[in-house]
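Here is a short report on one protein structure. Look through the sequence and the model first, then read on.

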Amino acid sequence: MENNFDYKLYHSIKDSMLNTIEYVQSQYENEDADFLFTDFENLKFHMDDLIILAGKKFVGKTAFAVSLINQFAITKKKPVGITMPGKLDSKELCLRLISMNSGISYHKFRSGMLTKDDFEQMKTITAPIYEAPIFTFRETNCHFEYSLEDAAKQMHEQNNIRLLIVDDFDYMDEYLNSPEHIDELLEKFKKLAKELHIPIILVMNIFEEEDGVQPGLHSFKRNMMIPNKADMVILLHRIYRAEERDFSSAELIVVKNEHGISQDIQLKFYPGIMKFENL
């Protein structure tokens with residue numbers, strides 16, 4: 001009896017090899033790759049991942065997030081979205097970017113102590129920031145389904161954002177009013193990251209521990225579902241060197257990474273301009 005099949009139930013290795021070679025070539029050329037590469041040593045974000053960036057209060061989490069925005073949107077011209085349910089607003093973001101790129105102390109902008117030379121220096125770097133593909137959504141204590149989700153989808157549809165950062169995740173309405181539902185909220189962000197095919201970074205605080213104690217997964221002991229749900233967990237840690245009265249040494253502690261190695265990344269923090277760079 002002769003069987004007539006309208007479609008194949010099997011494939012040749014040739015088909016798989018062609019697809020694999022195309023994939024490797026795209027990774028090599030970094031075109032439509034699965035990863036978004038940062039300028040920080042060995043730190044890259046998988047395009048579908050939910051990423052947690054956490055640290056103690058006042059350690060510089062927002063400064064690190066803005067440093068990422070500066071790398072991607074201003075230096076590499078890749079569209080970035082940032083939602084701000086907490087204290088950061090658009091003017092503050094602009095001032096931080098101006099300070100980072102001009103080398104003028106952020107404090108001078110906030111205190112009105114700019115000199116004439118400072119003002120002239122500032123004017124030389126405003127154009128690239130003005131033209132940068134940075135898209136912001138500002139709503140204090142915003143709700144995921146009522147506002148943030150729609151804003152993120154609109155940013156992606158209209159501007160093809162390659163990264164979304166949620167600064168001050170702790171100010172999300174669902175987190176504030178029903179922390180027991182955080183698992184559900186994280187699941188919504190994971191689904192959104194996969195739908196938009198971009199990494200989403202949630203910036204949040206971790207449990208306050210004794211000074212000098214290095215953060216780790218134990219820092220989430222009150223909410224272990226957070227690292228469990230995330231694809232990548234990065235902890236920002238500043239190191240105080242008492243003998244030098246120096247607080248500029250910092251490190252990223254990658255405690256979880258579903259798509260790569262987990263390792264510590266040494267950084268240098270410039271408090272005057274609130275910028276992180278490779279050590």
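## A charged pair in a helix

Arg-96 and Glu-92 are four residues apart in helix α3, which means that about one helical turn separates them. This is a predicted model, in which local features need pLDDT of at least 70, side-chain atom pairs count only at pLDDT 80 or more, and totals for chains, interfaces and linings use all residues. Residues are numbered from 1 along each chain as its sequence is written, and side-chain values use heavy atoms, with hydrogens and water left out.

Helix α3 covers residues 90-102. Helices (H or I, at least four residues) and strands (E, at least two) are DSSP runs, numbered from the N terminus. The side chains of Arg-96 and Glu-92 form a salt bridge, with N to O at 3.1 Å. A salt bridge here is a side-chain nitrogen of Lys or Arg within 4 Å of a carboxyl oxygen of Asp or Glu. Arg-110 joins Glu-92 and Arg-96 in a network of salt bridges.

Are these two charged residues of α3 buried or exposed? Arg-96 is buried, at 13% relative accessibility. Glu-92 is buried too, at 14%. Buried means under 20% relative accessible area, exposed over 50%, and partly exposed in between (1.4 Å probe, protein chains only). Leaving out residues up to four places away in sequence, Arg-96 touches Thr-62, Ala-63, Val-66, Leu-88, Tyr-106 and Met-274. Contact means heavy atoms within 4.5 Å.

## Other salt bridges

The whole structure has 14 salt bridges. Two more are described here. Asp-231 pairs with Lys-190, and their closest N and O atoms are 3.4 Å apart. Asp-231 sits in the loop between α10 (225-229) and β8 (232-241), and Lys-190 in helix α9 (residues 182-196), so the pair ties together parts that are 41 residues apart in sequence. Lys-275 and Glu-277 also meet through their side chains, at 3.2 Å from N to O.

The table gives the relative accessible area of the residues in these two bridges.

| Residue | Relative accessible area | Class |
|---|---|---|
| Asp-231 | 10% | buried |
| Lys-190 | 15% | buried |
| Lys-275 | 15% | buried |
| Glu-277 | 31% | partly exposed |

## Aromatic rings

How many aromatic pairs does a search of the whole structure find? It finds six. Rings of Phe, Tyr and Trp (its six-membered ring) pair if their centres lie within 6.5 Å; planes under 30 degrees apart count as stacked, over 60 as edge-to-face and the rest as tilted. Phe-35 and Phe-37 have ring centres 6.4 Å apart and planes at 55°, so this pair is tilted. Phe-35 is buried, with a relative accessible area of 12%. Phe-37 is partly exposed, at 32%.

Phe-40 and Phe-64 have ring centres 5.0 Å apart and planes at 25°, so they count as stacked. Phe-40 lies in the loop between β1 (35-37) and β2 (44-46), while Phe-64 lies in helix α2 (residues 61-75), so the pair ties together parts that are 24 residues apart in sequence. Both Phe-40 and Phe-64 are buried. They form one aromatic cluster with Phe-269 and Phe-276.

## Strands

Phe-269 and Phe-276 are bridge partners, with Phe-276 in β11. Strand β10 (residues 264-270) and strand β11 (residues 275-278) pair in the antiparallel sense over four bridges. Two strands pair if DSSP finds at least two bridges between them. β10 and β11 form a hairpin with four residues between them. In the turn, Met-274 has a positive phi of about 50°. β10 has two faces: Ile-265, Leu-267 and Phe-269 are on the covered one, and Asp-264, Gln-266, Lys-268 and Tyr-270 on the uncovered one.

Strand β3 (residues 50-55) is mostly covered, with six of its six residues buried. Leu-50, Ile-52 and Ala-54 point one way from β3, and Ile-51, Leu-53 and Gly-55 point the other way. β3 runs parallel to strand β7 (residues 200-205), and six bridges join them. Leu-53 has Val-203 as its bridge partner in β7.

## The whole chain

The protein chain has 10 helices and 11 strands. Of its 279 residues, 49% are buried. Among contacts between residues at least 6 apart in sequence, 64% join residues at least 24 apart.
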